[in-house]
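Trainee: Could you walk me through this model, one question at a time?
Mentor: Happy to; let's look at the structure together.

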Amino acid sequence: MKQAATVRQSTNPAPRSGNLHAVDHRVGREWRWARNGHRGGVLWFTGLSGSGKSTIAMQLEQELLQRGYQTYVLDGDNVRGGLNRDLGFSAADRAENIRRIGEVAALMADAGLIVITAFISPYRADRELARRIQKEGFHEVFVDADLATCEARDPKGLYRKARAGLIPAFTGISDPYEAPERPELVLPTACCTVGECVEMLIGHVARHFAVTHQPARRAA
């Protein structure tokens, strides 16, 4: 495991060119927050396959939109079918997968959205990298279901394939999952319904994403 961690650290390289200069936006994030009626930020769902991440994320997105929040879900399978289709499931590729998502989520949050990400993201070091990219407004949400519960659900048949040796390096079976140590929110999906988890999340959003003041518009 120590060797894998060393490999993962090398997947966050410096820019290839030294001739890069960041450009400041003329629209401050507080202005965007005021227009949206809430802060931007990231709800980073992590948990085993079958724990309920995608199901809860999609229902939360719908509920938040109905309440006037600007939000979007970045789902693991969807992102791997496009942006990250060039990546496999080695430790290094998984780290790069999370790094890219962390960068995309941070940009979307800076634009004022509440970004919901649904990824197994099994390694703490990779999730901490995503947190550092976001800097603030990052909320780790542990979708907590034990292996037995997830394997009994097995909605995509992945555990069955992993047990048969058809999927190498499968999290929870042949690869480890490092549970969060201090998540901002825990959703115990082995005993709570999807609706109950969504209500917990809506309460969390109301507490942490509210705009408390109306900022002055930046002069042109």
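Trainee: Which pattern does the protein follow along the sequence?
Mentor: Helices (H or I, at least four residues) and strands (E, at least two) are DSSP runs, numbered from the N terminus. There are 9 helices and 5 strands in the protein. Read along the sequence, the pattern is α-α-β-α-β-α-α-β-α-β-α-α-β-α.

Trainee: Before we go on, what is the mean pLDDT of the protein?
Mentor: This is a predicted model, where local features need pLDDT of at least 70, side-chain atom pairs count only at pLDDT 80 or more, and totals for chains, interfaces and linings use all residues. Residues are numbered from 1 along each chain as its sequence is written, and side-chain values use heavy atoms, with hydrogens and water left out. pLDDT is the predictor's confidence in each residue, from 0 to 100. In the protein, 84% of the residues reach 70 or more, and the mean pLDDT is 85.

Trainee: Where is confidence lowest in the protein?
Mentor: At the other end of the scale, S5 has the highest confidence, at 98. Over residues 1-11 the pLDDT stays under 50, and the model has 15 contacts (heavy atoms within 4.5 Å) for them beyond four places in sequence. Residues 215-220 are also below 50, with 9 contacts beyond near neighbours in sequence. The lowest confidence, a mean of 40, belongs to helix H1 (residues 2-9).

Trainee: What percentage of the residues in the protein is buried?
Mentor: Buried means under 20% relative accessible area, exposed over 50%, and partly exposed in between (1.4 Å probe, protein chains only). The protein has 220 residues, and the buried share of them is 43%.

Trainee: How many of the residues of S4 are buried, and which strands pair with S4?
Mentor: Two strands pair if DSSP finds at least two bridges between them. S4 is largely enclosed by the rest of the structure, because 6 of its 7 residues are buried. S1 and S4 pair in the parallel sense over 5 bridges, with His-139 of S4 as the bridge partner of Leu-43. S4 also runs parallel to S5, joined by 4 bridges, so the strands to name are S1 and S5.

Trainee: And which residue is the bridge partner of Thr-71?
Mentor: S2 is mostly covered, with 4 of its 5 residues buried. S2 pairs with S3 in the parallel sense over 5 bridges. In S3, the bridge partner of Thr-71 is Ile-114.

Trainee: Within what arc do the buried residues of H3 fall?
Mentor: The 14 residues of H3 should span 20 Å at 1.5 Å a residue (1.5 Å times one less than the number of residues), and the end C-alpha atoms are 20 Å apart, which agrees. Its buried residues are Lys-53, Ile-56, Ala-57, Leu-60, Glu-61 and Leu-64. Seen down the axis, they line one face of the helix, because the directions from the helix axis to their C-beta atoms fall within an arc of 140°.

Trainee: What do the buried residues of H3 pack against?
Mentor: Helix H3 (53-66) is followed by Gly-68, whose phi is positive, near 95°. The buried residues of H3 pack against S1, strand S2 (71-75), S3, S4, S5 and H9.

Trainee: Why are the buried residues of H9 on the same side?
Mentor: Helix H9 (residues 194-208) has end C-alpha atoms 21 Å apart, in agreement with the 21 Å expected for 15 residues. Its buried residues are Cys-197, Val-198, Leu-201, Ile-202, His-204 and Val-205. They sit on the same side of H9 because they cover an arc of only 160° around the axis.

Trainee: Is Glu-199 buried or partly exposed, and how far is its C-alpha from that of Leu-60?
Mentor: Glu-199 lies in helix H9. With a relative accessible area of 47%, Glu-199 is partly exposed. Glu-199 and Leu-60 are 139 residues apart along the chain, and their C-alpha atoms are separated by 8.5 Å.

Trainee: Which side chain makes a polar contact with the side chain of Ser-121?
Mentor: Ser-121 is in the loop between S3 and helix H6 (124-134), and Ser-121 is buried, with a relative accessible area of 3%. A polar contact is a pair of N or O atoms within 3.5 Å; within protein, one must be able to donate a hydrogen and the other to accept it, and residues adjacent in sequence count only if both atoms are side-chain atoms. A polar atom of the Ser-121 side chain lies 3.1 Å from the backbone oxygen of Phe-119. The side-chain partner, at 3.3 Å, is Thr-46.
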